[in-house]
Amino acid sequence: MYYVSTRDKKVRFEASEAIVQGLAPDGGLLTPETFPRLPPDALEKLGQMTYQARAVYVMGLYLDGFTQEELAEFALRAYGPDKFDAPAVAPVVVVDGSTHCLELWHGPTCAFKDMALQMLPHLLTASLAKTGEQKTACILVATSGDTGKGALEGFRDVAQTRILVFYPKDGVSAIQELQMRTQEGENVGVCAVEGNFDDAQSGVKRLFSDETLRETLCARGYFLSSANSINWGRVLPQIVYYISAYCDLVKAGKCRAGERVNVCVPTGNFGNILAAYYAKRMGLPLGKLICASNSNNVLTDFLKTGVYDRNRAFYNTLSPSMDILISSNLERLLYTLTEEDDAAVRGYMDSLAASGKYEVDGAIKAKLADHFAAGFCDDGQTKRVIAQVWREKGYLIDPHTAVAFDVLAQYRSETGDTTPALVVSTASPFKFCDSVLSALGVTEFSAGTDILDQLTAETGVPAPAPLAGLKGKPVRFRQCVGREHMADAVLGMLR
Ligand SMILES: *Cc1c(COP(=O)(O)O)cnc(C)c1O
């Protein structure tokens with residue numbers, strides 16, 4: 001199977017090349033040329049397997065040039081018991097009769113980014129070997145919080161890689177910042193950027209197109225690569241957990257084999273929900289894909305009207321990993337929905353770059369309405385939902401997950417759709433202690449990592465080990481730069 005650029009499908013790469021490059025040279029996203037179908041007996045077979053074996057099966061359908069043995073080794077290393085504190089890796093828990101929650105935060109950084117970022121480094125180092133690349137891959141990441149820590153942890157001390165993370169100074173939680181600034185490993189770097197996530201992301205995009213920087217780095221033995229969710233090696237491992245969750249629901253008798261399940265996904269860059277769409281395209285019986293946003297509701301408007309318009313106020317919300325106005329992975333959806341019309345996608349993206357806006361045609365709008373529903377939830381409501389789900393179900397959720405719970409409730413009351421639903425839970429509530437405590441009515445917060453104990457005292461729920469372990473860890477990184485000085489920061493870290 002080949003991977004093509006969403007902006008020019010004549011540009012074709014093998015899987016390993018696509019993973020090494022991250023982004024196509026023309027700025028498009030590398031996307032599978034065709035989508036494999038799950039064979040009729042696949043779900044039954046997968047149901048009997050461990051999560052690791054499910055990952056090998058699903059990823060193997062997309063990765064020509066990788067052996068089953070290789071993938072099995074990667075899966076054991078990425079999703080083993082030393083990394084994930086749940087044997088199921090991505091467990092599905094029952095919230096009520098028709099609502100289930102897919103917990104994607106049992107990995108080393110307690111957010112769903114681990115699902116992909118524990119796998120990507122293995123895919124990347126193998127791809128470097130397969131493509132004969134000798135230089136060291138310098139992974140540049142812009143993060144709204146969770147990606148950065150996930151990438152640092154995934155790539156730490158991985159041979160032939162360096163990892164540099166830029167985060168918006170005022171756009172991440174205190175725990176998230178501490179997680180990054182205390183990162184261990186010899187090949188890691190962390191730097192704050194003045195501004196919001198879009199500033200950090202567009203700054204990193206500029207670094208990628210900075211020819212002078214490229215040449216200097218090349219002379220030092222480096223080339224730039226990406227671990228942002230535009231890399232196919234990030235999207236692919238995410239397809240696995242939708243298929244896995246469906247198998248688990250059938251096994252637990254929560255739905256019949258073949259019966260549809262809706263999914264509701266707290267969405268930012270559109271990577272997670274895109275993986276659900278791809279799983280559906282492979283034949284997984286998913287119903288509506290419900291896209292949940294916070295007050296940065298550009299996707300809600302797009303999915304309802306077909307007009308994408310980023311010209312709007314930007315809000316720092318309680319769910320910072322969804323504070324995004326340009327959802328990069330949407331480009332892949334457009335490519336598939338236009339039936340691989342690369343010229344049309346190029347047109348949309350040119351228009352987005354020039355005016356911050358584009359509108360898709362009627363045929364695409366109809367397809368969007370067929371597969372997707374969308375809604376959003378502000379901070380006040382996010383807090384009410386955290387409190388409500390805790391009091392009524394005894395289930396503690398983080399603000400991102402709360403947005404999804406609320407949008408699912410809105411969807412159900414608007415449509416009367418009673419299809420069983422899977423809410424995707426993307427972070428441990430302990431990553432956002434202050435927001436969760438405040439939602440539960442607490443008004444005074446303990447300082448630093450003591451706030452983890454405070455949330456435990458309030459709820460009786462223990463903090464995950466990787467967060468409890470932050471206590472007393474030395475801060476290694478304190479640098480903060482303006483957007484215009486990011487290239488200097490890179491050069492400073494890559495001597
Ligand atoms: C990254 C992230 C999201 C958004 O996921 P996308 O794939 O960017 O849509 C939602 N919640 C949390 C906690 C995240 O870390």
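A cavity is a set of grid points where a 1.4 Å probe fits but cannot get out. The views below show such spaces, a pocket and one buried residue in a predicted model.

**View 1. The second largest cavity holds about 30 Å³ of space.** Its lining includes Thr267, Gly268 and Ser293. Asn296, Val298 and Leu299 also line this cavity. So do Met322, Ile324 and Ser327. Sorted by class, the lining has four nonpolar and five polar residues. No charged residues take part.

**View 2. The largest cavity has a volume of about 280 Å³.** Its lining is made of 24 residues. Closest to the centre of this cavity are Phe112, Lys113, Gly268, Asn269 and Ser321. Three helices each supply at least two lining residues: α7 (146-155), α11 (232-251) and α12 (271-281). The class count for this lining is eight nonpolar, 13 polar and three charged residues. How many cavities of 30 Å³ or more does the structure hold? There are two.

**View 3. Gly268 appears in the linings of both cavities.** In the largest cavity, Gly268 is among the lining residues closest to the centre. In the second largest cavity, Gly268 is one of the lining residues, along with Thr267.

**View 4. The largest pocket has a volume of about 990 Å³.** A total of 38 residues line this pocket. The closest to its centre are Arg7, Leu23, Gly27, Lys205 and Ile230. Elements that give two or more residues to the lining are α1 (15-21), α9 (197-208), β9 (222-226), α14 (330-337) and α15 (342-355). Which element gives the most? It is α9, with eight residues. By class, the pocket lining divides into 18 nonpolar, eleven polar and nine charged residues.

**View 5. His100 sits in strand β5.** This strand covers residues 99-103. Is His100 buried or exposed? His100 counts as buried because its relative accessible area is 1%, and the cut-off for buried is under 20%. Which residues does His100 touch, leaving aside neighbours within four places in sequence? One run of contacts is Val92, Val93, Val94 and Val95. Leu249 and Lys254 are also in contact with His100. Ala421, Leu422 and Val423 complete the list.

How values were computed
Residues are numbered from 1 along each chain as its sequence is written. This is a predicted model: local features need pLDDT of at least 70, side-chain atom pairs count only at pLDDT 80 or more; totals for chains, interfaces and linings use all residues. Side-chain values use heavy atoms; hydrogens and water are left out. On a 1 Å grid over the protein atoms alone, a cavity is a set of points where a 1.4 Å probe fits but cannot get out, and a pocket is an open set with protein on both sides within 12 Å along at least five of seven lines; lining residues have an atom within 4 Å of a point. Grid points are joined across faces, edges and corners, and a volume is the space filled by probe spheres set on the points. Helices (H or I, at least four residues) and strands (E, at least two) are DSSP runs, numbered from the N terminus. Ala, Val, Leu, Ile, Met, Phe, Trp, Tyr, Cys and Pro count as nonpolar, Asp, Glu, Lys and Arg as charged, and the others, Gly among them, as polar. Buried means under 20% relative accessible area, exposed over 50%, partly exposed in between (1.4 Å probe, protein chains only). Contact means heavy atoms within 4.5 Å.
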